[in-house]
Amino acid sequence: MLIGILQCGHCPPELQPHVGDYPAMFEKLLAGHGFDFANWAVCDMEFPNSIDAADGWLITGSRYGVYEDHPWIEPLEQIIRAIYLAPKPLVGICFGHQIIAQALGGKVEKSDKGWGVGRMEYTWGNEVVALNAWHQDQVIEPPKEASTISANKFCDHAALMYGDRVLSVQAHPEFGREMMQGLINVRGAAVPEARLAYAQKALDAPVDNARLGNDIADFFKAKREWQESPE
C-alpha cells in the first residue's frame, strides 16, 4: 500500500540532521506495516497529479495556520475534498487535522486557551492516551460528517473520525523526546514560560506514539466496502 504524504511545512533546519523532516518522522512511525511512501511538499507548491497517485493519504503538521493566506492552502483543500469524495483513506495530524476540518466545512481558530505544548493525556474511548502536543489553533466546530473520538479539558476535538474515510489527530504521535526538546530550544520563545517549563519537565514521561502508529496503520489497512472491486 502506497501512502502519499502531503507535507505542509518543514521541521526547523537546525533539527533536521537529528530527527529528519516531517515525512521521515511518519515513515518511522508507520515502519513495519508494509507501507511504501511518496512525498509531495505542498507547502512548496508540489502537488500530486492525481489523488490516484497513492492508495491512502496523510497530511502533516505545519507552523502555519489553516486560515492564513498562503497560495497552497486552497489547492490543498481541493485535494482533501477530492480524496474524501473518491473516497480514499485520509489521515491528518495537527495542521492536517485542522485543514481537513476546514476543507469539509468545520471551523478552526486560534484558541483562547492559549498554547498546548508538551505531553498531554486524552480520553480515547474507554482509555487514556498520552501524546506530545504543540499548537495554539484548534478545531472549534467539526464538520457535520465528523465524530469526536478523543478530547481533554484543553482540546474539545482532539481526534475526529469521518465514518471510515478520515482519521485526524490534533497531537503529534510522530514527535518523540528529541523533537520536543528541539522545538523547546528553537521555537519555545513564543510559548509562555510556565507551559514551556511543564513541557521540559514532562519530556521523559511515557507517550503512546507506538499505539497511535498502530492505530493509523490499522486505519489505512482496514477493509472497506467501497474499496472492493465490482463484480
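This is a short tour of selected residues, strands and helices in a predicted model.

Residues are numbered from 1 along each chain as its sequence is written, and side-chain values use heavy atoms, with hydrogens and water left out. Because the model is predicted, local features need pLDDT of at least 70 and side-chain atom pairs count only at pLDDT 80 or more, while totals for chains, interfaces and linings use all residues.

**Stop 1: helix H4**

Select residues 95-103, helix H4. Helices here are DSSP runs of H or I with at least four residues, strands are runs of E with at least two, and both are numbered from the N terminus. Eight of the nine residues of H4 are buried. Buried means under 20% relative accessible area, exposed means over 50%, and partly exposed lies in between (1.4 Å probe, protein chains only). Colour the buried ones: Phe95, Gly96, His97, Gln98, Ile99, Ile100, Ala101 and Ala103. Then step to Gly105, which follows H4 and has a positive phi near 105°.

**Stop 2: Pro142**

Go to the loop between strand E8 (137-141) and E9, and pick Pro142. Pro142 is partly exposed, at 24% relative accessibility. Show Leu104 as well. The two residues are 38 apart in sequence, yet their C-alpha atoms are 8.7 Å apart in space. Leaving out residues up to four places away in sequence, Pro142 touches Gly106, Thr148, His157 and Leu160. Contact means heavy atoms within 4.5 Å.

**Stop 3: strands E9, E10 and E11**

Select 147-151 (E9) and 159-162 (E10); they pair in the antiparallel sense over three bridges. Strands pair if DSSP finds at least two bridges between them. Find Ser147, then its bridge partner in E10, Met161. Now add E11, residues 166-169. E10 and E11 are also antiparallel, joined over four bridges. Here Leu160 stands opposite Ser168. Three residues lie between these two strands of the hairpin, where Gly163 takes a positive phi near 55°.

**Stop 4: the cysteines**

How many disulfides does the model have? The count is zero, with a disulfide defined as a pair of cysteine sulfur atoms within 2.5 Å. Select Cys8 and Cys43. The closest cysteine sulfur to that of Cys8 is in Cys43, but at 6.8 Å it is too far for a bond. Cys8 is buried, at 0% relative accessible area. Next select Cys155. Cys155 is in no disulfide either, as the nearest cysteine sulfur, that of Cys94, is 9.4 Å away. Cys155 is buried too, at 1% relative accessibility.

**Stop 5: Asn209**

Move to helix H7 and pick Asn209. Asn209 counts as buried, at 14% relative accessibility. Its side chain reaches the backbone oxygen of Phe175 at 3.1 Å. Beyond neighbours within four places in sequence, Asn209 is in contact with Leu29, Leu131, His172, Pro173, Phe175 and Gly176.

**Stop 6: Arg224**

Last, go to the segment after H7 (209-221) and select Arg224. Which side chain of opposite charge is nearest to Arg224? It is Asp164, 4.3 Å away; Arg224 is buried and has no salt bridge. A salt bridge needs a side-chain nitrogen of Lys or Arg within 4 Å of a carboxyl oxygen of Asp or Glu. Now look at backbone oxygens. The Arg224 side chain reaches that of Phe219 at 2.5 Å and that of Phe220 at 3.5 Å. Leaving aside neighbours within four places in sequence, the contacts of Arg224 are Pro89, Asp164 and Phe219.

Key:
Lys, Arg positive; Asp, Glu negative; His and termini not counted. Polar contact = N/O pair within 3.5 Å; in protein donor to acceptor, adjacent residues only side chain to side chain.
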